[in-house]
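Please work through the exercises below with the sequence and the coordinates open beside you. Each exercise sets a task and then gives a solution in steps.

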Amino acid sequence: KNFLVSLEARIFSPSTPTGYSGVDISGKADKAYKIASRITPSQKVYYFDSRAKNTGPLPPRVGEETTYLVVWSLSNTLNDLDNVQVRSFLPSYIAWKGVVIPENSPVAYTSTTGEIVWNIGTLEAGVGSIRPVKEVAFRIGFVPSPPQIGKRPQLVAPATLEARDTFTSTLIKEVSKEVTTDMRDDPHASRFGGDVQE
């Protein structure tokens, strides 16, 4: 980790210009550049998952609750990061079910705003390659209403990650995609389709 790219440039003339006899007209400059880390956030949703048993109809049906497991995961390349935080929002029609995996994960939910915040703190270099992916999961519930029939509603808004690279001191901000009832990350669930049914 903590890689530097060092560059050196030299300039000189094979012949001495008139009036510069005995003068050193060569030049040299060097510069070192710090390489910033790259962090990759991921937001996925599952119905079938070994970590939690979900319930309800697939595809979702008006008036009946279907639960889902939302999984946030992070990979980090070259440098340690600090002040790492992921945040997103649940739409007003989505319920927070109070299940977080692992149980002691620093995830906070604010019912008045629907905001979910995962405070990771420090994320080491090599997470997702030489170290395990950093991951947390939480359960949500969805009871469709008649205006949503035939649609694939958003389950969780796009998740925003913010962090600071401890080597370059640069601030990092990345945004992952939203997740909807189309269940594209869960091949077993996606075959049922994601359109809300009557």
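The exercises that follow deal with the core, a sheet, one buried side chain, the salt bridges and some backbone angles.

The model is predicted, and local features need pLDDT of at least 70, side-chain atom pairs count only at pLDDT 80 or more, while totals for chains, interfaces and linings use all residues. Residues are numbered from 1 along each chain as its sequence is written, and side-chain values use heavy atoms, with hydrogens and water left out.

**Exercise 1. Identify the residues of the largest nonpolar core that touch the most other members, and describe the surroundings of Leu155.**

Step 1. A nonpolar core is a set of buried Ala, Val, Leu, Ile, Met, Phe, Trp, Tyr and Cys residues joined through side-chain atoms within 4.5 Å, where buried means under 20% relative accessible area, exposed over 50%, and partly exposed in between, computed with a 1.4 Å probe on protein chains only.

Step 2. The largest such core has 34 residues, and Trp72, Ile140 and Leu155 are the ones that touch the most other members. Two or more residues of this core come from each of β3 (39-46), β6 (66-76), β7 (81-89), β8 (94-101), β10 (115-123), β11 (134-142), β12 (154-156) and β13 (160-165); strands (E, at least two residues) and helices (H or I, at least four) are DSSP runs numbered from the N terminus.

Step 3. With contact taken as heavy atoms within 4.5 Å, and residues up to four places away in sequence not counted, Leu155 touches Val45, Tyr68, Leu90, Pro91, Ile94, Ile140, Phe142, Val179, Thr180 and Thr181.

**Exercise 2. Give the strand order of the open four-stranded sheet and state which strands are at its edges.**

Step 1. Two strands pair if DSSP finds at least two bridges between them. The order in this open sheet is β3-β6-β11-β8, and the pairing is antiparallel.

Step 2. The edge strands, each of which pairs on one side only, are β3 and β8.

Step 3. For one pair in detail, β8 and β11 run antiparallel and are joined by five bridges, and Val100 stands opposite Phe138 in β11.

**Exercise 3. Decide whether Asn54 is buried or exposed, and list the polar contacts of its side chain.**

Step 1. Asn54 is in the loop between β5 (52-53) and β6, and it counts as buried because its relative accessibility is 6%.

Step 2. A polar contact is a pair of N or O atoms within 3.5 Å; within protein, one must be able to donate a hydrogen and the other to accept it, and residues adjacent in sequence count only if both atoms are side-chain atoms. The side chain of Asn54 makes such contacts with the side chain of Thr67 at 3.1 Å and with the side chain of Arg139 at 3.4 Å, and a polar atom of the Asn54 side chain lies 3.5 Å from the backbone nitrogen of Tyr68.

**Exercise 4. State how many salt bridges the structure holds, and locate the partners of Asp80 and Arg152.**

Step 1. A salt bridge is a side-chain nitrogen of Lys or Arg within 4 Å of a carboxyl oxygen of Asp or Glu, and the structure holds 12 of them.

Step 2. The side chains of Asp80 and Lys1 meet in one of these, at 2.8 Å from N to O. Asp80 lies in the loop between β6 and β7 and Lys1 in the segment before β1, so the pair ties together parts that are 79 residues apart in sequence. Asp80 is partly exposed at 23% relative accessibility, whereas Lys1 is exposed at 56%.

Step 3. Arg152 forms a salt bridge with Asp195, with the closest N and O atoms 2.7 Å apart. This pair links distant parts of the chain, since Arg152 is in the loop between β11 and β12 and Asp195 in the segment after α1 (187-190), 43 residues apart.

Step 4. Asp49, Arg51 and Glu135 are linked in a network of salt bridges.

**Exercise 5. Find the partner of Pro59 and of Pro102 in a cis peptide bond, and give phi for Asn83.**

Step 1. Most residues other than glycine have a negative phi, and most peptide bonds are trans.

Step 2. The bond from Leu58 to Pro59 is cis, with omega near -5 degrees, and a cis bond also joins Ile101 and Pro102, where omega is about -5 degrees.

Step 3. Asn83, in strand β7, has a positive phi near 55 degrees, and at 56% relative accessibility Asn83 counts as exposed.
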